[in-house]
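Below is a short note for a colleague who has not yet looked at this entry. The points are numbered so that each can be checked against the model.

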Amino acid sequence: MSRFKKSSYSSVVENCVEISLSPDLISIRDSKNPNGPALHLTSLAYRLFIRTLTNGELSPIRVAVRQHSS
């Protein structure tokens with residue numbers, strides 16, 4: 001697996017995510033907890049995830065509503 005890298009958009013504030021890219025797997029983790037859990041996605045799932053975020057289809061409010069209505 002590739003090394004994790006912090007986004008160039010991150011400031012010195014610790015609220016950042018890090019990403020690791022490889023041909024078959026993309027991993028995302030919290031930069032404050034590098035030994036903690038990571039989200040692992042295939043390249044297709046990652047593209048769909050980013051598209052969903054970019055289109056505003058996945059907001060914290062919508063996720064909370066979905067969780068409570070289940």
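**Notes on the predicted model**

1. Of the 70 residues in the protein, 13% are buried. The model is a predicted one, and the values below should be read with that in mind. The protein exposes about 5700 Å², and carbon and sulfur atoms supply 57% of that area.

2. The secondary structure consists of four strands and two helices. Along the sequence these elements follow the order β-β-β-β-α-α. Taking contacts between residues at least 6 apart in sequence, 10% join residues at least 24 apart.

3. E18 is a useful place to begin. This residue belongs to strand 2, which covers residues 17-21. E18 counts as buried because its relative accessibility is 13%, and the cut-off for buried is under 20%.

4. The surroundings of E18 can be listed. Leaving out residues up to four places away in sequence, E18 touches F4, K5 and K6, and also S27, I28, R29 and S31. With R29 there is a polar contact between side chains, at 2.7 Å.

5. R29 also has a place relative to a ring. It lies over the face of F4, 3.7 Å from the ring centre. F4 and R29 are both among the residues that E18 touches. As for aromatic pairs, the structure holds zero.

6. P34 sits in the loop that runs between strand 3 (26-30) and strand 4. Is P34 buried, exposed or partly exposed? Its relative accessible area is 40%, so P34 is partly exposed. P34 and E18 are 16 residues apart in sequence, and their C-alpha atoms are 8.7 Å apart in space.

7. T42 is in the loop between strand 4 (38-41) and helix 1. T42 counts as partly exposed, because its relative accessibility is 46%. Not counting residues up to four places away in sequence, T42 touches D24 and I26. P23 is 19 residues from T42 along the chain, with 8.8 Å between the two C-alpha atoms.

8. Which residue has its backbone nitrogen 3.1 Å from a polar atom of the T42 side chain? That residue is A45. T42 belongs to the loop between strand 4 and helix 1, whereas A45 lies in helix 1, so the reader can look for this pair where the loop and the helix are listed.

9. A45 is partly exposed, given a relative accessible area of 29%. I26 is 19 residues from A45 in sequence, and the C-alpha atoms of the two are 9.1 Å apart. I26 is also one of the residues that T42 touches.

10. Helix 1 runs over residues 43-54. Does its length agree or disagree with the expected span? At 1.5 Å a residue, its 12 residues should span 16 Å, and the end C-alpha atoms are 16 Å apart, so the two agree. Helix 1 is followed by G56, which has a positive phi near 75 degrees.

Key: Residues numbered from 1 in each chain as written. Predicted model: local features only at pLDDT ≥ 70, side-chain atom pairs only at ≥ 80, totals over all residues. Heavy atoms only, no water. Buried < 20%, exposed > 50% of the residue type's maximum accessible area, 1.4 Å probe, protein only. Contact = heavy atoms within 4.5 Å. Areas by Shrake-Rupley, 256 points an atom, 1.4 Å probe, with all protein chains shown as cover. Polar contact = N/O pair within 3.5 Å; in protein donor to acceptor, adjacent residues only side chain to side chain. Expected span 1.5 Å × (residues − 1). Phe/Tyr/Trp six-rings, centres within 6.5 Å; stacked < 30°, edge-to-face > 60°. Lys NZ or Arg CZ within 6 Å of the ring centre and 35° of its normal.
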